[in-house]
Amino acid sequence: MNSASSTDTLSDSSKGRRPSRSLRDGRMEPPRWIPRDTAFLLDVGCNTGDFLYDCRQHNPHMQLAGIDINHSAVQIARAKLPDADIHQGYGFELPFSNGRFECVTCIEVIEHVPAKQRPLLISEMHRVLSPGGRLILRC
(Lines give C-alpha, C1' and ligand atoms only; values in the text may rest on other atoms or scores of the structure.)
Protein backbone atom coordinates (compact mmCIF):
# COMPACT_ATOMS: atom_id res chain seq x y z
CA MET A 1 0.00 0.00 0.00
CA ASN A 2 1.36 3.41 -0.97
CA SER A 3 -0.01 6.44 0.83
CA ALA A 4 2.22 8.98 -0.98
CA SER A 5 0.85 10.90 -3.92
CA SER A 6 2.01 10.06 -7.43
CA THR A 7 3.90 13.37 -7.60
CA ASP A 8 6.13 12.27 -4.72
CA THR A 9 6.94 8.74 -5.81
CA LEU A 10 8.31 6.86 -8.78
CA SER A 11 5.82 4.66 -10.60
CA ASP A 12 6.44 1.06 -11.49
CA SER A 13 6.53 1.11 -15.28
CA SER A 14 6.87 -2.69 -15.34
CA LYS A 15 3.22 -2.84 -14.24
CA GLY A 16 2.08 -0.57 -17.07
CA ARG A 17 1.77 2.59 -15.00
CA ARG A 18 2.78 5.95 -16.38
CA PRO A 19 5.88 7.51 -14.79
CA SER A 20 4.98 9.94 -12.04
CA ARG A 21 4.66 13.62 -12.83
CA SER A 22 7.86 14.36 -10.92
CA LEU A 23 9.76 11.95 -13.15
CA ARG A 24 8.10 13.15 -16.38
CA ASP A 25 8.84 16.84 -15.74
CA GLY A 26 12.47 16.21 -14.77
CA ARG A 27 12.23 17.05 -11.06
CA MET A 28 13.93 13.74 -10.28
CA GLU A 29 16.98 14.64 -12.38
CA PRO A 30 20.03 15.91 -10.44
CA PRO A 31 20.77 18.95 -12.67
CA ARG A 32 17.44 20.36 -11.49
CA TRP A 33 18.60 20.09 -7.85
CA ILE A 34 21.55 22.43 -8.37
CA PRO A 35 20.84 26.08 -7.55
CA ARG A 36 21.02 28.26 -10.68
CA ASP A 37 23.51 30.64 -9.07
CA THR A 38 26.04 27.88 -8.31
CA ALA A 39 29.46 29.03 -9.51
CA PHE A 40 31.62 26.03 -8.45
CA LEU A 41 30.49 22.40 -8.65
CA LEU A 42 32.31 19.12 -7.96
CA ASP A 43 31.01 15.75 -9.15
CA VAL A 44 32.51 12.88 -7.14
CA GLY A 45 32.47 9.78 -9.33
CA CYS A 46 32.11 11.80 -12.53
CA ASN A 47 32.78 8.84 -14.83
CA THR A 48 32.85 10.13 -18.45
CA GLY A 49 31.54 13.57 -17.49
CA ASP A 50 27.99 13.25 -18.80
CA PHE A 51 26.47 14.82 -15.69
CA LEU A 52 29.02 17.65 -15.74
CA TYR A 53 28.24 18.19 -19.42
CA ASP A 54 24.51 18.46 -18.59
CA CYS A 55 25.35 20.97 -15.85
CA ARG A 56 27.34 22.99 -18.39
CA GLN A 57 24.27 23.07 -20.65
CA HIS A 58 22.14 24.45 -17.79
CA ASN A 59 24.76 26.94 -16.61
CA PRO A 60 27.55 27.74 -19.12
CA HIS A 61 29.44 29.91 -16.60
CA MET A 62 29.66 27.30 -13.83
CA GLN A 63 33.20 26.18 -12.94
CA LEU A 64 33.16 22.39 -13.06
CA ALA A 65 35.35 19.77 -11.41
CA GLY A 66 35.18 16.02 -11.20
CA ILE A 67 36.99 12.99 -9.88
CA ASP A 68 36.76 9.32 -10.78
CA ILE A 69 38.90 6.23 -10.23
CA ASN A 70 38.52 4.99 -13.83
CA HIS A 71 41.43 6.25 -15.96
CA SER A 72 39.65 5.70 -19.29
CA ALA A 73 36.52 7.48 -18.09
CA VAL A 74 38.58 10.42 -16.82
CA GLN A 75 40.25 10.76 -20.23
CA ILE A 76 36.84 10.90 -21.92
CA ALA A 77 35.59 13.46 -19.39
CA ARG A 78 38.65 15.64 -19.98
CA ALA A 79 38.11 15.50 -23.74
CA LYS A 80 34.41 16.30 -23.35
CA LEU A 81 35.03 19.20 -20.94
CA PRO A 82 38.53 20.58 -21.57
CA ASP A 83 37.98 23.58 -19.28
CA ALA A 84 36.82 21.45 -16.32
CA ASP A 85 39.18 20.41 -13.51
CA ILE A 86 38.96 16.60 -13.86
CA HIS A 87 41.13 14.31 -11.72
CA GLN A 88 41.72 10.60 -11.50
CA GLY A 89 41.55 9.49 -7.90
CA TYR A 90 39.39 8.52 -4.95
CA GLY A 91 36.52 10.49 -3.46
CA PHE A 92 37.92 9.87 -0.01
CA GLU A 93 41.17 11.64 -1.04
CA LEU A 94 39.92 14.79 -2.79
CA PRO A 95 42.69 16.96 -4.30
CA PHE A 96 40.77 20.20 -3.75
CA SER A 97 41.05 22.99 -1.19
CA ASN A 98 38.72 23.38 1.79
CA GLY A 99 35.43 25.10 1.03
CA ARG A 100 36.07 25.41 -2.72
CA PHE A 101 32.66 24.21 -3.99
CA GLU A 102 29.17 25.59 -3.53
CA CYS A 103 27.73 22.28 -4.65
CA VAL A 104 29.14 18.74 -4.45
CA THR A 105 27.36 15.83 -6.11
CA CYS A 106 27.88 12.12 -5.61
CA ILE A 107 25.42 10.31 -7.85
CA GLU A 108 25.09 6.53 -7.79
CA VAL A 109 28.62 6.18 -6.38
CA ILE A 110 28.52 5.79 -2.61
CA GLU A 111 27.04 2.29 -2.80
CA HIS A 112 30.19 1.20 -4.69
CA VAL A 113 32.56 2.55 -2.04
CA PRO A 114 33.71 0.02 0.58
CA ALA A 115 31.74 0.49 3.80
CA LYS A 116 34.88 1.37 5.79
CA GLN A 117 35.66 4.24 3.37
CA ARG A 118 32.16 5.80 3.29
CA PRO A 119 32.58 7.99 6.40
CA LEU A 120 35.83 9.36 4.97
CA LEU A 121 34.11 10.00 1.61
CA ILE A 122 31.35 11.98 3.32
CA SER A 123 33.93 13.85 5.41
CA GLU A 124 35.98 14.77 2.33
CA MET A 125 32.93 16.00 0.43
CA HIS A 126 31.97 18.11 3.45
CA ARG A 127 35.54 19.47 3.68
CA VAL A 128 35.53 20.83 0.12
CA LEU A 129 31.96 22.16 0.39
CA SER A 130 31.68 25.87 1.14
CA PRO A 131 29.74 26.97 4.24
CA GLY A 132 26.06 26.84 3.38
CA GLY A 133 26.79 24.76 0.27
CA ARG A 134 24.71 21.89 -1.04
CA LEU A 135 25.70 18.22 -0.99
CA ILE A 136 23.65 16.04 -3.32
CA LEU A 137 23.82 12.27 -2.77
CA ARG A 138 21.87 9.86 -4.91
CA CYS A 139 22.12 6.09 -4.54
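The legends below describe an overview and several close-up views of a predicted protein model.

Residues are numbered from 1 along each chain as its sequence is written. Because the model is predicted, local features need pLDDT of at least 70 and side-chain atom pairs count only at pLDDT 80 or more, while totals for chains, interfaces and linings use all residues, and side-chain values use heavy atoms, with hydrogens and water left out.

**Figure 1. Overview of the secondary structure and surface of the protein.** The protein has four helices and five strands (DSSP runs numbered from the N terminus: helices are H or I with at least four residues, strands E with at least two). From the N terminus on, the order of elements is α-β-α-β-α-β-β-α-β. Of the 139 residues, 38% are buried (buried means under 20% relative accessible area, exposed over 50% and partly exposed in between, with a 1.4 Å probe and protein chains only). The protein exposes about 8300 Å², of which carbon and sulfur atoms supply 51% (Shrake-Rupley method with a 1.4 Å probe; for residues, only the protein chains shown count as cover). Among contacts between residues at least 6 apart in sequence, 54% join residues at least 24 apart (contact means heavy atoms within 4.5 Å).

**Figure 2. Surroundings of the buried acidic residue Asp43.** Asp43 belongs to strand E1, residues 40-44. Although buried, Asp43 has no salt bridge, and the nearest side chain of opposite charge, Lys80, is 10 Å away. A salt bridge is a side-chain nitrogen of Lys or Arg within 4 Å of a carboxyl oxygen of Asp or Glu; Lys and Arg count as positive and Asp and Glu as negative, whereas His and the chain ends are not counted. The side chain of Asp43 instead makes a polar contact of 2.8 Å with the side chain of Thr105. A polar contact is a pair of N or O atoms within 3.5 Å; within protein, one must be able to donate a hydrogen and the other to accept it, and residues adjacent in sequence count only if both atoms are side-chain atoms. Beyond its neighbours within four places in sequence, Asp43 is in contact with Phe51, Leu52, Ala65, Gly66, Ile67, Thr105 and Cys106.

**Figure 3. Arg56 and its partners.** Arg56 lies in helix H2 and is buried, at 14% relative accessibility. Not counting residues up to four places away in sequence, Arg56 touches Met62, Leu64, Leu81 and Asp83. The C-alpha atoms of Arg56 and Leu81 are 9.0 Å apart, although these residues are 25 apart in sequence. The side chains of Arg56 and Asp83 form a salt bridge of 3.0 Å, N to O. Asp83 lies in the loop between H3 and strand E3 (85-88), so the salt bridge with Arg56 in helix H2 ties together parts that are 27 residues apart in sequence. Asp83 is exposed, with a relative accessible area of 53%.

**Figure 4. Further salt bridges.** The search of the whole structure finds five salt bridges. One of them joins the side chains of Lys80 and Asp50 at 2.3 Å, N to O. Lys80 lies in helix H3 (residues 71-80) and Asp50 in helix H2, so this pair ties together parts that are 30 residues apart in sequence. Lys80 is partly exposed at 29% relative accessibility, as is Asp50 at 44%. Another salt bridge joins the side chains of Asp85 and Arg100 at 3.2 Å, N to O. This pair links Asp85 in strand E3 with Arg100 in the loop between E3 and E4, 15 residues apart.

**Figure 5. Two aromatic pairs found in the whole structure.** Tyr90 and Phe92 form a stacked pair, with 5.1 Å centre to centre and 20° between the planes. Tyr90 is partly exposed at 42%, whereas Phe92 is buried at 17% relative accessibility. Phe96 and Phe101 form an edge-to-face pair, with 5.2 Å centre to centre and 85° between the planes. Both rings belong to buried residues, Phe96 at 5% and Phe101 at 1%. Rings of Phe, Tyr and Trp (its six-membered ring) pair if their centres lie within 6.5 Å; planes under 30 degrees apart count as stacked, over 60 as edge-to-face and the rest as tilted.

**Figure 6. Loop residues with positive phi.** Asn47, in the loop between E1 and H2, has a phi near 55°, a positive value in a residue other than glycine. Glu108 also has a positive phi, about 55°, although it is not a glycine. Glu108 is placed in the loop between strand E4 (101-107) and helix H4 (118-128).
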